[in-house]
Amino acid sequence: LAVDILFPENGSLKDKRQYLRSLKAGLARKLGASVAEVGYHDLWQRSRIILSLCSNSYKDTERALDLAVSFLEARDYSLTLVHREIVKVEGD
């Protein structure tokens with residue numbers, strides 16, 4: 001899951017880092033997801049994050065991604081881009 005976030009009320013990079021730290025911890029706790037900031041590092045009102053998670057089925061993955069988006073939308077910032085990609089890896 002790739003998400004662009006707009007922090008319109010943010011006043012500094014310190015504020016942005018605080019939001020991101022909380023966001024990452026919440027997603028890791030709630031879904032067991034790995035989250036990293038991958039874009040807009042020097043902008044204090046914008047961020048791009050990537051969320052990665054594993055699941056046993058497509059349906060479980062969709063449900064987890066829905067929960068992640070709901071979690072992000074319930075915060076006091078705006079999502080400006082949400083892109084989902086599910087990769088299925090075939091085993092032996």
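Sixteen is not a number to linger on, so to the residues: the largest pocket is lined by 16 residues, and Leu-53, Thr-61, Ile-86, Val-87 and Lys-88 lie nearest its centre. A pocket here is an open set of points on a 1 Å grid over the protein atoms alone, where a 1.4 Å probe fits, with protein on both sides within 12 Å along at least five of seven lines, and lining residues have an atom within 4 Å of a point. Two elements give two or more residues to that lining, β3 (46-52) and α2 (58-73); strands and helices are DSSP runs, E of at least two residues and H or I of at least four, numbered from the N terminus. The largest share, 3 residues, comes from α2.

This is a predicted model, with pLDDT of at least 70 needed for local features and 80 or more for side-chain atom pairs, while totals for chains, interfaces and linings use all residues. Residues are numbered from 1 along each chain as its sequence is written, and side-chain values use heavy atoms, without hydrogens or water.

Next, strand β3, which holds Ser-47. Ser-47 is buried, at a relative accessible area of 0% (buried means under 20%, with a 1.4 Å probe and protein chains only). Its side chain makes a polar contact with the side chain of Glu-37, at 3.1 Å; that term means a pair of N or O atoms within 3.5 Å, one able to donate a hydrogen and the other to accept it, and residues adjacent in sequence count only if both atoms are side-chain atoms.

Methods. Buried means under 20% relative accessible area, exposed over 50%, partly exposed in between (1.4 Å probe, protein chains only).
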